[in-house]
Amino acid sequence: ALYKDYNPSKHEIRIEYEYKKKVKAKKGKKGKNGRRADIAILEEGKVRCLIEIKVDDAPLKKQLEDYVAYSNKYKVDFIYLTQRNPSKSDLQLIEKGALCKHVFFYDLYNQINKKASVCKNPVGKLYIKYLEDNGNMFKKINAVGVEKFLIRLFLPWSGNGHVRKTKDMVETIPAT
């Protein structure tokens, strides 16, 4: 769902993949830190896609800059998958990469929830349930249920907020 060209017969997925190697310090000089991607997709040993996942944390110092530079230099897709909205400066930085894009968890949810193969797979079902339980996506909300809930909440009995149907109190409002 994240990498459109993915083919399990020709691609390999690596977790915590070091795409930028550490350089040891020479005498009197400072070494360079390496970089690791949360997920890398490789084809014949070459990186095709790097994926960075952020849940509640922000990117490390210069992390996005390194991803974008690597993506532009080696013509590699980079996907920044986040639970929350990144800062404006982070989004502007990602836009500088021709093959870089930002994806929300709920966008991923909407993509994979449409795939029959994912919905039939036990791990896929578990992942979808995880996203739903953590509220990482938006679902269509019953507008009538929201209205009835708000009336009941903000207009108690004396304010004509009486919900007249048992079904609304027992099913519609709690489901919403």
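**Helix 3, helix 5 and the sheet**

The axes of helix 3 and helix 5 (residues 122-133) come within 11 Å of each other, crossing at roughly 140°. This is a predicted model, where local features need pLDDT of at least 70, side-chain atom pairs count only at pLDDT 80 or more, and totals for chains, interfaces and linings use all residues. Numbering starts from 1 along each chain as its sequence is written, and side-chain values use heavy atoms, with hydrogens and water left out.

Me: Why is helix 3 called oblique to helix 5?
Reply: Angles under 35 degrees count as roughly parallel, over 145 as roughly antiparallel, 65 to 115 as roughly perpendicular and the rest as oblique. The crossing is roughly 140°, so helix 3 is oblique to helix 5. Angles run from 0 to 180 degrees between N-to-C directions, with axes fitted to C-alpha atoms, for helices over the stretch in contact.

Me: Which residues make the contact of helix 3 with helix 5?
Reply: Helix 3 brings F105, L108, Y109 and I112, and helix 5 brings Y127, I128, L131 and E132; contact means heavy atoms within 4.5 Å.

Me: What makes one residue of that contact charged?
Reply: Asp, Glu, Lys and Arg count as charged, and E132 of helix 5 is in the contact. By class there are seven nonpolar, no polar and one charged residues.

Me: How do you know that strand 3 pairs with strand 4?
Reply: Two strands pair if DSSP finds at least two bridges between them. Six bridges join strand 3 (residues 46-54) to strand 4 (residues 77-82), and the two run parallel. I51 stands opposite I79 in strand 4.

Terms used:
Helices (H or I, at least four residues) and strands (E, at least two) are DSSP runs, numbered from the N terminus.
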